[in-house]
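Trainee: I'd like a close look at one part of this model, with enough of the surroundings to see how it fits in. Take it slowly and keep the cut-offs explicit, please.

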Amino acid sequence: MATELRNEMVGLYENHHVLDNDSILNITQPSDSYQRRAARNIARDAAKLMEAHLTPSSTHLETAASKQGKGKKSTESLSSTSSSARIAHIDEMRDWLLGRPLCLESGMYGPIMAFVSYVALCVQAQRDKAGSTAGIRRLIYPVDKADYQPDDSDDTTRVCIGLCSIGLNELSTAVSTRTPYHRLFAVLEAWGFSIYSKDAFLQLYEDTRQMYQEQHNLRSAWGFAICGHEVYVCHFGNDKAVSSKPMNIATPVGRYAFIEILVNWSMCEDSQLGRDPTIEYLPDLDCWQIECPDDTAHDIDIEPRRYYFEDVSCRANRLFGRHTRCFLATNIKPTVDSPLVPTVVIKDAWAFSERSTDEDVRDETKMLKKIRATLGEHIKPKDDIIYPKIVVGGRVSFERDGTSVEDNSDAMYLGIEFADKATLRFRVHRRIVMSQIGQRLHTLESVDEFITVVCDVMRCHNAIFEHCHILHRDISDNNILVIKQDDIARGLLIDFDCAIDTSIEKAGTTRPEMTGTLPFMSINNLSESNVKRTVLDDYESMLYLVCWSATLGIGSSQHHREGKDLEKLPIARWRKVPIGAIIEAKRIHFGTDDSLNTNIAAYFSSAKGSNGVNGDSDKNMLTSFVTVLRRMLFDNRGEGVGPECRGTRKIELPRVQSSWSVTEDAILSLLENRGTLSFARDEMVVINPFEKRVEKCNVIARDLLALITTYWKFAMKRQSQPKPASQEQVETAADDDKDDKGDEDNEEDGDGEDEGDD
């Protein structure tokens, strides 16, 4: 595992992992009581048969298996099917099960795969005997090849052993030797000795992250870390990874515990495996069907709306968090002759919420409905503001044992006991259908398009806050969609999971929590201070977003950088913990125009504007844009905005004893001669410019909106201008001119010949 990736996984492990919690074994059990008893019986019989096979003194293993006492009849039935196959598996795993050391990790692969296959054969034998009454839903089999790189891996990570869940109607299907992440049920990571358990978990973390990324219907995940003879089962949720105490495979008790987990997984409901029952793949149509709830439908008998999708515009590419996914969908079921044409975008995410829908002031569905209704009244066509328009949305529910269950963190962690459960915040699975389909920010082709889009977003942000009193609080590259209108790129602000409705939450309420995306968080946000969050924080996030995008490169520039290319640049400090280092970097980078230019703007990638010119002209436009934004935010000199509102850090100033106030001259003097004045400590007062700017927020926000509008009009005008022909078009036109000229010459030559003949 690469160093950067390993460091990321170490951070996740230290902040999210819960060790030695055997209560997770509870949630492997089938939820139905009859199924639980049946699973225990099958697991017990399989364990007895395995112990009989391992008995060195037994000449006739099958006979020995039938003498294990209770469960004699069931054991005999298991031993009557695929006996030779099971014995072959025993031979392969005998040394491992008897506690003998295996020198290499690769030597563990065969025994582990044999163990899983052995249990699957026992489960299948019971299915063959009892038929559908056995309650067996699937079989858990290993991928045929160990230590492989899945076809859909986004890096060089190799999987030790992949597990697949095979439906009973798919038993004849071979398990591919390079089964991709989107087909895996779980991953087993094997390390040679117990001292490497943390390393095994770290590798399992990366494997599971990729499973979340590739599986559209994965709501939680399972995995194993196997170190020598110790087996840990691990459950991944949105906020915690919980692992069991080690099961010693060299003991009968440990072997039974491992067997029981595999049998339980063969009989439990899909939701217990981590799958979302409301998203189903339709193989005949090669597309997915997804159910979308409607919170406005109070009649519980109303079925959720069904949509269909093939394309995913946003994947859940992080191990923990909201696991946001976006699907391009339609409500018209496709056919073989009628292909799928997306008409809506569906957002699927796990957001922090209140348990009661009535008390959930952070409900994104409610906010979007308020935005559509309110702006529908106040925004006129001449305003030319694009805002999100919801179609339907609500909390996701699914059937479990014939009962409708709301899909939330309580349902996900049901049965797991947490010592610090009070610190585990409640999440709800929410799904929202939006009528506007757009592209990601990186698809923009020019600086003019980029400036139009980000200015569109902030104009929309202003309208939403002014008319709906909703503050977004997460301006980032993932929360902006590009929509083409008459071949003009426009911007749409999306994702209100972190937003607050200031008309509901008390005015002046402060929330010292970090919300948003790390590189784009405001200094105030990163500090988790008690200073009230305002629209200025979102404008500051937009400033960071522009700088970040300009550094990576905008449009089809040949100088476009990848994320890894930022590592040697000062801007890389914006995403590297500790948080205090990010705060200090931003204070320095945006303290003055010179610092902004030296540390950030100097590294803007050469860009391509609508006029087709690569290089300095568009780079200068971006530099001027961020420079003026920095001045507006941190050095604002608008009407009524005093010097106490300026700067990126707290300052100490001399107090005027008679009035207990700070003079403007004193502030200006200190700002111009920072560190050169000396006063006694009791004569000083601390000024926080972020706090002072809150008092002047309306004035500063007004100036920022005017600035944004000016740049928006300029970029829109440049986009509307006829685009010059590309070099290829110019060369093609030149060739056409030559051909036309040749035709004209031929016609003239022909006329001359005719004249001569005459």
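Mentor: Accessible areas here are Shrake-Rupley values with a 1.4 Å probe, and for residues only the protein chains shown count as cover. On that basis the protein chain exposes about 34,500 Å², with carbon and sulfur atoms supplying 48% of it. It's a predicted model, where local features need pLDDT of at least 70, side-chain atom pairs count only at 80 or more, and totals for chains, interfaces and linings use all residues. Numbering runs from 1 along each chain as its sequence is written, and side-chain values use heavy atoms, with hydrogens and water left out.

Some backdrop before we zoom in. The protein chain has 758 residues, and 53% of them are buried (under 20% relative accessible area; exposed is over 50%, partly exposed in between; 1.4 Å probe, protein chains only). Its secondary structure comes to 20 helices and 25 strands (DSSP runs numbered from the N terminus: H or I for at least four residues, E for at least two). If you take the contacts (heavy atoms within 4.5 Å) between residues at least 6 apart in sequence, 70% of them join residues at least 24 apart.

Now the part I'd pick: strand β13, residues 344–352. Of its 9 residues, 8 are buried, so the strand is mostly covered. β13 has strand partners, too (pairing takes at least two DSSP bridges). With β12, residues 325–330, β13 runs antiparallel and shares 5 bridges. With β17, residues 427–434, the pairing is again antiparallel, this time over 8 bridges. Isoleucine 346 is a handy marker for both pairings: phenylalanine 327 in β12 has isoleucine 346 as its bridge partner, while valine 433 in β17 stands opposite isoleucine 346.

Next, follow β13 and β17 to aspartate 407. That residue sits in the loop between β16 (403–406) and α10 (409–412). Aspartate 407 counts as buried because its relative accessible area is 0%. Skipping neighbours within four places in sequence, aspartate 407 is in contact with Arg219, Trp350, Val396, Ser397, Phe398, Val428 and His429. Trp350 falls within β13, and Val428 and His429 fall within β17.

For contrast, try aspartate 154, in the loop between β2 (138–142) and β3 (161–167). With a relative accessible area of 42%, aspartate 154 is partly exposed. Beyond the residues up to four places away, aspartate 154 touches Glu206, Arg209, Gln210 and Gln213. The C-alpha atoms of aspartate 154 and glutamine 210 are separated by 7.7 Å, though the two are 56 residues apart along the chain.
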